[in-house]
Amino acid sequence: MLRLVTVLLTLIIASTGLASTIKAKELIESKVENLLSKMTLEEKIGQLVQYSGTELTGPQGQSINAASLVKKGKIGSFLNITGVENTEAIQKIAVEQSRLKIPLLFGLDVIHGYKTIFPVPLATASSWDPQMLEKIEQISADEATASGVTWAFSPMVNVARDPRWGRVVEGYGEDTYLTTQMALAVVRGLQGDSLANKNTILACIKHYVAYALVQAGREYWTVTVSERDLWTIYMPAYKAAVDAGVGSIMPAFTSVNAVPMTANKKLVHDILKEEWGFNGIAVSDWNAVLELIPHGVAKDAYQCAELAMDAGVDIDMVSGAYDYQLPKLIKDNKITMKQLDDAVTRVLRKKFELGLFKNPYLYNDLSREKETILSNSNLKESRKAAQRSMVLLKNNNNLLPLSKRIKRIAVIGPLADDKNNPLGPWSAKGVHNSAISVLQGIKDSVSAGTQVLYAKGCNINDHNKKMFEAAVNTAYKSDIVIAVVGESADMSGEAASRADIDLPGVQKDLLKALYNTGVPVVAVLMNGRPLTINWTKNYIPAILETWFLGSEAGNAIADVIFGDYNPSGKLPITFPYCVGQIPIYYNYKQSGRPETLANAPLKYESKYIDIPNTPLFPFGYGLSYTTFDYSNITLTKDKIKPNENLTVKIEVTNTGKVKGIETVQLYIHDRVASVTHPVKVLKGFKKIFLKPGNSKIVTFKIKPSDLELYNQEMKKVVEPGIFDVYIGTNSVDVKSASFEVVE
Ligand code: GLC
């Protein structure tokens with residue numbers, strides 16, 4: 001029997017190409033081991049040192065003599081050095097003048113595009129389209145690798161429930177399942193099937209872990225999280241990416257439950273590396289190793305390097321602590337040669353996987369750089385992604401879409417003629433002022449007979465109302481106003497927390513002045529976080545959330561305004577009614593005194609006395625120019641065993657007048673369990689395309705893993721009892737059915 005199994009296994013491995021993959025991995029391991037055995041202590045430490053080029057993405061730079069350090073093998077990677085010529089010049093020193101000729105890695109924050117800029121992650125999250133995201137990440141990798149960049153510090157997958165924190169723009173919203181699907185799409189898009197391909201790049205999932213929980217939404221501040229929330233909400237995206245083969249990970253600047261992530265041996269070494277078997281590189285965030293001193297857990301650089309190395313941080317990004325302190329830490333036997341060799345092995349392994357030893361100039365092809373970057377096809381993909389990443393929040397009396405033959409249209413607002421802010425924060429090598437503005441996009445879309453007027457109205461974030469009069473006069477001369485308002489790109493992203501998340505400056509007053517002219521106003525929002533736009537929601541008849549859409553922003557926005565694309569986006573994050581509600585999210589727990597919404601409101605309930613519990617706009621919400629009806633929800637069984645699957649079906653009909661894409665969302669609710677749990681949790685979504693009058697039966701398979709929870713002993717179990725299934729167009733408007741799990 002054993003012989004039969006062995007023969008069968010051998011046949012399977014041989015037939016599925018698994019054999020060649022295993023062989024290739026074994027070959028790399030032996031090459032790494034062989035190279036490691038030749039390396040001096042200084043050369044080993046060098047592989048763990050990363051310095052920055054001149055474009056600083058952190059508080060301070062370092063003045064180093066790169067060429068001489070590289071020649072001595074004292075640097076293993078750089079960030080913020082780009083372009084075939086620049087990277088090749090330094091790579092040449094490493095592979096032609098150093099003793100062991102170990103090639104360098106070149107890292108960059110390729111967060112939403114390299115030079116062709118795509119919508120920011122919070123925008124692509126609004127598309128709920130992992131396939132689209134994978135495609136644009138492939139393009140980002142193609143452009144970056146064509147410029148000599150071999151490492152992208154992306155995806156950022158911090159599940160975020162606090163829009164005061166600026167980096168919500170860099171992630172995929174408040175839900176674990178959606179964030180995980182998008183994170184996997186980015187890793188697939190960047191790393192492809194093999195890192196050895198010249199157009200695939202090392203990905204880096206970050207910032208490990210729960211960085212978005214910074215207290216009060218204040219950047220870099222303290223994170224406290226329960227074990228249950230850590231494992232239920234914040235760890236799954238990282239585990240999924242590690243299982244999918246992500247090549248590197250970046251611990252967060254922040255402390256989690258009083259232990260800075262850069263010194264968090266339990267979460268980095270024990271769980272990530274030992275328990276999960278992560279075989280890639282753990283790279284610190286910018287200067288984070290030395291920041292263990294202000295964190296108060298290290299007294300000097302020597303102790304910083306010891307703690308970080310001991311925790312399992314392999315590469316020190318720009319602090320120099322490893323460069324200067326590791327030699328002594330090894331001599332003092334504070335860090336063992338085994339620890340050092342493990343870190344160096346991880347770095348060399350990724351360099352071999354990238355094919356850099358086979359051909360160190362694989363990523364230095366000038367002609368490829370010229371023909372790949374900013375190609376028309378890449379810009380076309382950016383426009384498509386931008387169309388799909390917008391969310392129609394309001395459209396009273398179907399004011400939108402507008403006719404292209406409208407006589408006079410006024411485009412007004414501080415972001416109306418802006419060609420730079422649409423590129424968003426972290427726009428990599430995106431060229432300053434290279435985006436298509438909304439004004440330009442509208443001018444290029446309307447008919448020859450349409451008069452397009454423009455007024456700035458006000459600045460983005462000051463108190464100057466001197467331009468109001470001109471804007472109001474412009475509005476009076478038009479049949480409709482497109483008001484383009486929101487934040488500047490640098491009001492979100494890193495180091496950009498806001499305590500007040502309404503429209504900045506006097507923009508709300510500008511909207512009021514335009515509204516008071518009686519000319520219909522369409523608000524186009526350009527922002528990096530949910531905004532508490534209560535007045536706008538109450539008074540402005542049409543509101544389009546566009547986030548920061550990248551190079552083709554204006555064209556895509558015009559495509560939606562004039563109906564060339566029917567908006568299909570859904571919110572990946574809740575819009576709070578006001579800051580006082582934060583953190584507010586769809587998968588909340590009931591409490592022992594839930595709000596009963598009784599006619600005569602009861603006093604002793606979980607609510608505020610001055611604001612509602614409900615948000616301004618809920619998770620999963622987004623309108624279309626058509627309407628979709630949900631009916632006939634059915635389950636294949638009404639009782640299942642804990643290890644059984646279940647299928648749920650629902651009919652969706654396009655009951656409107658235009659074709660459209662709908663994102664059908666599946667939520668699960670465990671009615672009674674051994675621990676408190678959310679009123680619903682997203683467990684699936686499907687995008688469907690329907691022509692007017694057409695219907696489609698949408699099917700979801702519910703698996704035991706969809707019903708699991710961590711019990712009081714923190715064991716993952718499926719408990720017997722009744723479960724509700726909710727399916728709908730957002731997290732509130734749903735059809736429901738229920739089933740029972742029986743022992
Ligand atoms: C920044 C960010 C991180 C980025 C790194 C390098 O401070 O926190 O996301 O990858 O430094 O630019």
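Reader: What makes the link between the side chains of asparagine 80 and serine 52 a polar contact?

Author: This is a predicted model, and in it the two side chains are joined at 3.1 Å. A polar contact needs a pair of N or O atoms within 3.5 Å, with one able to donate a hydrogen and the other to accept it. The 3.1 Å between asparagine 80 and serine 52 falls inside that limit.

Reader: Does asparagine 80 count as buried or exposed, and how do you know?

Author: Its relative accessibility is 4%. Buried means under 20%, so asparagine 80 gets that label. As for its place, asparagine 80 sits in the loop between β2 (77-79) and α5 (84-97).

Reader: What about asparagine 397: buried or exposed?

Author: Asparagine 397 comes out at 78% relative accessible area. The cut-off for exposed is over 50%, so asparagine 397 is exposed. You'll find asparagine 397 in the loop between β11 (391-395) and β12 (408-412). Its phi is near 50 degrees, which is positive even though the residue isn't glycine.

Reader: Why is tyrosine 220 called partly exposed?

Author: Because its value is 36%, and partly exposed is the range between under 20% and over 50%. Tyrosine 220 belongs to the loop between β5 and α9. Here too phi is positive in a residue other than glycine, near 65 degrees.

Reader: Which other residue of the loop between β5 and α9 (227-234) is worth a look?

Author: Try valine 209, which lies in that loop. The peptide bond leading to valine 209 from tyrosine 208 is cis, with omega near 0 degrees. A cis peptide bond also joins serine 154 and proline 155, with omega about 15 degrees. Proline 155 is in the loop between β4 (151-152) and α8 (176-191).

Reader: Why is strand β5 said to be largely enclosed by the rest of the structure?

Author: Strand β5 covers residues 204-208, and five of the five are buried, so the rest of the structure largely encloses it.

Reader: How do you know that β5 and β6 pair?

Author: Two strands pair if there are at least two bridges between them. β5 and strand β6 (residues 248-251) have four, in the parallel sense, so they qualify. Cysteine 204, for one, stands opposite serine 248 in β6.

Reader: What makes β18 and β21 edge strands?

Author: They belong to an open sheet of five strands with mixed pairing, in the order β18-β26-β25-β20-β21. β18 (639-640) and β21 (681-690) each pair on one side only. β18 runs parallel to strand β26 (residues 734-741), joined by two bridges, and at least two is what pairing asks for. In that pair, lysine 639 stands opposite glutamate 740 in β26.

Reader: Which residues are closest to the ligand?

Author: Of the 14 residues that surround the ligand, the closest are Thr57, Asp109, Lys206, His207 and Asp285.

Reader: How far from oxygen atoms of the ligand are the polar side-chain atoms of aspartate 109, arginine 167 and aspartate 285?

Author: Aspartate 109 has one at 2.5 Å, arginine 167 at 2.9 Å and aspartate 285 at 2.7 Å. The protein covers 100% of the 310 Å² of accessible area that the ligand has on its own. And the space the ligand takes is the largest cavity.

Note on methods
Residues numbered from 1 in each chain as written. Predicted model: local features only at pLDDT ≥ 70, side-chain atom pairs only at ≥ 80, totals over all residues. Heavy atoms only, no water. Buried < 20%, exposed > 50% of the residue type's maximum accessible area, 1.4 Å probe, protein only. Near = heavy atom within 4 Å. Areas by Shrake-Rupley, 256 points an atom, 1.4 Å probe, with all protein chains shown as cover. 1 Å grid on protein atoms, 1.4 Å probe; cavity = no way out; pocket = protein on both sides within 12 Å on 5 of 7 lines; lining within 4 Å. Sits in = over half its atoms within 2 Å of the grid points.
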